[in-house]
Amino acid sequence: MKEDISVLIALQELDTELSGFDRKIEEQKQELTAREQAIAEKEALAGQCKEKAVELEQSQRDIKAGSEDAAERIKDRQSKMMQVQTSREHQALLKEIEEAKKTIKDAEEQQLQVLEQVEAEEAQAKELENLCTGERKLLAEETGKVEKAIEGLNKQRLAVQEKRDQLAQNVPSSRIKRYNKLLKKREGLAVVQVIDAVCQGCFMTIPPQKYNDIRLGEQIYSCPTCQRTLYYLPEPEEADA
């Protein structure tokens, strides 16, 4: 029986090693994905800045058109001034001319403000695009390194997987089936040590009698709480006794 649990322990160690490879590979992929996403977000922001600049330029043209209309109104009202016959009409035309002049003055200030906004949006877009170009170049270089690293990890993983498959052939089918089921259900941890009567998988206390039985190692026992297979390793002084 001790030999059976030793095989399961060895199997668990290999599966833990395999999980380690999977985790490292996934972490490297996620890092690249995060960098790609960060660049894409900057590119999207640059696009928004350019769209905003286009909208502002249209606004600038609208303001200019309003100013030109006001200038035309001034010319029109000034020409009509020569034809008015009453003081009331004269005052009304003067008022329209003054309003048009104010419109032109306000438009000049607005155009200047909008021009500054356009330049700011275009400058930010340019800065972001330059940044993205540099980051994409670095990402391409890093992607090549990561792909080589992942290739190396996959080779190591394959060697461990082959070793694991060979070892699994030594385990009875019903036991390996249960082991695989536990491995999947318990997030990659099917066989755990029990230390001081505590399961190292769920950290619940094992009943005293069962703990004594596990220490004897004559049968394979499971944790009554998490159902993981338990094993006991004697302390060095205990093993030498």
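Read from the N terminus onward, the elements of this protein follow the pattern α-α-α-β-β-α-β-β-α. That comes to five helices and four strands, and the model you are looking at is predicted. Here is a short tour, from the overall dimensions down to single residues.

**Overall dimensions**
- The protein has a radius of gyration of 39 Å, whereas a compact globule of 241 residues would have one near 18 Å.
- Its C-alpha trace spans about 125 × 40 × 35 Å along the principal axes.
- Of the 241 residues, 29% are buried.
- Among contacts with a separation of 6 or more, 70% join residues that are 24 or more positions apart.

**The sheet**
- The four strands make an open sheet with mixed pairing, and their order is S2-S1-S4-S3.
- At the edges sit strand S2 (198-199) and strand S3 (221-222), each of which pairs on one side only.
- S3 pairs with strand S4 (residues 229-231) in the antiparallel sense, over two bridges.
- If you would like a spot to check on screen, look for Ser222, which stands opposite Thr229 in S4.

**Two residues with positive phi**
- Glu187 belongs to the loop between helix H3 (173-185) and strand S1 (191-195).
- The phi of Glu187 is near 55 degrees, a positive value in a residue other than glycine.
- Glu187 is exposed, because its relative accessible area is 77% and the cut-off for exposed is over 50%.
- Phe203 lies in the loop between S2 and helix H4 (208-216).
- Although Phe203 is not a glycine, its phi is positive, at about 60 degrees.
- Phe203 also counts as exposed, because its relative accessible area is 55%.

**Arg228, a buried charge**
- You will find Arg228 in the loop between S3 and S4.
- Arg228 is buried yet has no salt bridge.
- The nearest side chain of opposite charge to Arg228 belongs to Glu187 and is 6.0 Å away, while a salt bridge needs the charged atoms to be within 4 Å.
- A polar atom of the Arg228 side chain does lie 3.4 Å from the backbone oxygen of Arg186.
- Leaving aside residues up to four places away in sequence, Arg228 touches Leu182, Arg186, Leu189, Ala190, Val192, Gly201, Cys202, Tyr221, Ser222 and Cys223.
- One of these contacts, Ser222, is the residue that stands opposite Thr229 in the sheet.

Methods:
Residues numbered from 1 in each chain as written. Predicted model: local features only at pLDDT ≥ 70, side-chain atom pairs only at ≥ 80, totals over all residues. Heavy atoms only, no water. Pairing = 2+ DSSP bridges. Buried < 20%, exposed > 50% of the residue type's maximum accessible area, 1.4 Å probe, protein only. Lys, Arg positive; Asp, Glu negative; His and termini not counted. Polar contact = N/O pair within 3.5 Å; in protein donor to acceptor, adjacent residues only side chain to side chain. Contact = heavy atoms within 4.5 Å. Rg over C-alpha atoms; globule rule 2.2 N^0.38 Å.
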